[in-house]
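The following exercises are to be worked with the sequence and the coordinates at hand. Each task is followed by a solution in steps.

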Amino acid sequence: MAKPLAFTCTACGTDTPKWSGRCETCGAWNTIEEVKPLTEGPGAKAIGQRRGTPLVLTDLATREAAPPRTTSGVAELDRVLGGGLVSASALLVGGDPGIGKSTLLLQAAARFARGGLKVLYVSGEESANQIQMRAERLGLTESPVQLAAATNLRDILTTLETETPDLAIIDSIQTMWLDTVDSAPGSVSQVRNAAHELTTFAKRRGIAVIMVGHVTKEGQIAGPRVIEHMVDTVLYFEGERGHQYRLLRAHKNRFGPADEIGVFEMTGRGLVEVRNPSALFLSERGKATPGSAVFAGIEGSRPLLCEFQALVAPSPTSQPRRSVLGWDGGRLAMILAVLESRCGVAFAGLDVYLNVAGGLRISDPGADLAVAAALLSAREDAALPEQSVLFGEISLSGALRPVAQTENRLKEAQKLGFTQAILPKARKQGGDAGLTVRQMGDLPGFVEQVFGPRRAQ
């Protein structure tokens with residue numbers, strides 16, 4: 001009896017029993033491809049009747065040594081990894097083309113090699129000479145990193161078995177292909193099976209494997225999303241091409257905290273780690289101006305100060321624009337609705353533009369109050385109090401809700417020279433030398449105290 005066919009969407013990873021021109025889940029066209037298994041096993045017997053190798057069983061009382069970690073010497077990278085690289089782990093690093101993934105991994109490979117690890121860098125996109133040229137530009141030619149240019153995964157695994165490195169870097173997973181899979185490189189079947197083979201090899205041989213994955217225009221790692229579930233750690237390398245700052249963000253980490261970030265600066269000599277990102281993102285901020293608000297946020301375990309910039313202008317069209325960079329557009333719409341409904345501040349007929357300075361992407365809900373303050377400041381053409389920071393979550397009722405790690409946010413603001421903090425009520429007064437704390441109960445009260453009596457326009 002013939003085995004039924006299976007199909008998968010290359011955009012969202014949804015499985016379907018039949019082919020169609022359009023994916024019913026994500027709506028993408030011409031993304032459904034047939035998935036062929038790596039091997040065809042015997043199907044005559046039920047699984048309970050098959051005989052195989054007995055599993056090795058253990059229990060929670062059995063204590064084994066924790067997997068050793070190796071630090072790279074790059075503090076920002078070690079922070080995101082949770083303290084260092086864990087042996088027998090599989091990592092996936094994603095990012096836009098040209099954002100600096102290969103540069104970051106080549107610099108990390110050089111640091112690991114200088115620290116005593118045996119490192120093998122395999123590129124499916126560049127030749128060994130091209131990698132050496134990049135290493136020369138970065139000043140890494142003295143590092144004992146072994147280079148290879150190959151795309152056949154069978155040859156790569158054979159080399160890894162022979163060389164037995166401590167760390168293998170595969171750049172990129174979309175260029176790898178298996179001769180046992182009848183599909184083109186970069187297809188769903190090839191990417192899925194290649195990632196599975198590399199992850200299995202890492203666990204079996206006790207080496208660390210880092211795979212590079214390209215992202216689509218929507219910002220997701222190309223290929224099936226199931227890759228993210230196979231590996232131990234998923235890192236995204238983010239940044240805007242117009243800015244020199246780059247963020248390495250952990251979206252999944254089995255050996256450390258998720259949502260941790262590392263900050264780098266792109267220079268002519270490669271990526272340089274930023275030890276104090278708050279000072280960097282606020283370095284170009286001058287005197288207080290209308291539409292500018294400083295947010296004291298938390299990214300992972302690190303306090304981070306950044307600037308929200310807002311512009312409100314009369315709209316020349318019947319439908320005003322709502323443009324946002326670095327923040328959630330849906331949350332911006334919610335803040336505008338709360339300001340109009342609870343505070344009587346209308347934005348009808350006005351274009352609204354919101355930007356996070358430095359190319360940052362903020363997901364902390366505590367940014368609500370800073371966004372509202374920036375919008376009000378731009379609309380009223382009135383600057384916020386100088387040297388002040390804001391944070392707090394806004395509910396649909398207009399109440400201000402406290403956020404986590406308040407003390408760390410205030411300490412970071414005080415360290416950078418800020419003298420005033422505006423935050424929700426839920427904290428005891430005092431204990432912050434040199435920092436004036438103003439606590440607000442709700443958004444209407446904040447508008448009245450900072451911008452004067454409420455008035456609808």
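A residue counts as buried when its relative accessible area is under 20%, as exposed when that area is over 50%, and as partly exposed in between. The model used throughout is a predicted one.

**Exercise 1. Describe the overall make-up of the protein chain, with its helices, strands, buried share and contacts.**

Step 1. The protein chain holds 11 helices and 23 strands.

Step 2. Of its 457 residues, 47% count as buried.

Step 3. Consider the contacts in the protein chain with a separation of 6 or more: residues 24 or more positions apart account for 65% of these.

**Exercise 2. Classify phenylalanine 237 and phenylalanine 264 as buried or exposed, and determine how their rings are arranged.**

Step 1. Phenylalanine 264 has a relative accessible area of 2% and is therefore buried. Phenylalanine 237, with a relative accessible area of 3%, is buried as well.

Step 2. Rings pair if their centres lie within 6.5 Å, and planes over 60 degrees apart count as edge-to-face. By this rule the model has five aromatic pairs. In the pair of phenylalanine 237 and phenylalanine 264, the ring centres are 6.3 Å apart and the planes stand at 70°, so the arrangement is edge-to-face.

Step 3. Phenylalanine 237 belongs to strand S11 (residues 233-238) and phenylalanine 264 to strand S13 (residues 261-267), so the pair ties together parts that are 27 residues apart in sequence.

Step 4. A further pair consists of phenylalanine 308 and tryptophan 327, whose ring centres are 6.2 Å apart with planes at 80°, so this pair is also edge-to-face. Phenylalanine 308 lies in strand S16 and tryptophan 327 in the loop between S17 and H8, so parts 19 residues apart in sequence are tied together. Both phenylalanine 308 and tryptophan 327 are buried. Together with Phe295, these two residues form one aromatic cluster.

**Exercise 3. Locate the "binding site" feature given by UniProt, and compare the surroundings of aspartate 96 and lysine 101.**

Step 1. The unreviewed UniProt entry places the feature at Gly95, Asp96, Pro97, Gly98, Ile99, Gly100, Lys101 and Ser102.

Step 2. Aspartate 96 is found in the loop between strand S6 (90-95) and helix H2 (101-114), whereas lysine 101 lies in helix H2.

Step 3. Aspartate 96 counts as partly exposed because its relative accessibility is 36%. Lysine 101, at a relative accessible area of 5%, is buried.

Step 4. Leaving aside residues up to four places away in sequence, aspartate 96 touches Lys101, Val215 and Phe237. On the same basis, the residues touched by lysine 101 include Gly95, Asp96, His214 and Phe237. A polar atom of the lysine 101 side chain lies 3.2 Å from the backbone oxygen of glycine 95.

**Exercise 4. Establish how strand S9 (residues 167-171) is enclosed and with which strands S9 pairs.**

Step 1. Five of the five residues of S9 are buried, so the strand is largely enclosed by the rest of the structure.

Step 2. In a regular strand, side chains alternate between the two faces of the sheet. In S9, Leu167, Ile169 and Asp171 point one way, while Ala168 and Ile170 point the other way.

Step 3. S9 pairs in the parallel sense with strand S7 (residues 119-123) over five bridges; here tyrosine 121 has isoleucine 169 as its bridge partner.

Step 4. Four bridges join S9 to strand S10 (residues 208-214), and these two strands also run parallel. Isoleucine 170 has methionine 211 of S10 as its bridge partner.

**Exercise 5. Give the strand order of the seven-stranded open sheet and place helices H8 and H10 against its strands.**

Step 1. The order is S17-S18-S16-S15-S19-S22-S23, with mixed pairing. Strand S17 (322-325) and strand S23 (436-440) form the edges, each pairing on one side only. Neighbouring strands of this sheet are turned by 25° against each other on average, direction ignored.

Step 2. Strand S15 (residues 292-299) and strand S16 (residues 302-314) run antiparallel and are joined by eight bridges. Serine 292 stands opposite glutamine 309 in S16.

Step 3. Helix H8 (residues 329-343) lies across S17 and strand S18 (350-356), at about 130° to S17. Helix H10 (residues 406-415) lies across S15, S16, strand S19 (388-390) and strand S22 (420-424), running at about 130° to S15.

Definitions and conventions
Residues are numbered from 1 along each chain as its sequence is written. Side-chain values use heavy atoms; hydrogens and water are left out. UniProt positions are given in the numbering used here, feature names are shortened, and annotations may be inferred rather than shown by experiment. Buried means under 20% relative accessible area, exposed over 50%, partly exposed in between (1.4 Å probe, protein chains only). Contact means heavy atoms within 4.5 Å. A polar contact is a pair of N or O atoms within 3.5 Å; within protein, one must be able to donate a hydrogen and the other to accept it, and residues adjacent in sequence count only if both atoms are side-chain atoms. Two strands pair if DSSP finds at least two bridges between them. Axes are lines fitted to C-alpha atoms, for helices over the stretch in contact, and angles run from 0 to 180 degrees between N-to-C directions. Rings of Phe, Tyr and Trp (its six-membered ring) pair if their centres lie within 6.5 Å; planes under 30 degrees apart count as stacked, over 60 as edge-to-face and the rest as tilted.
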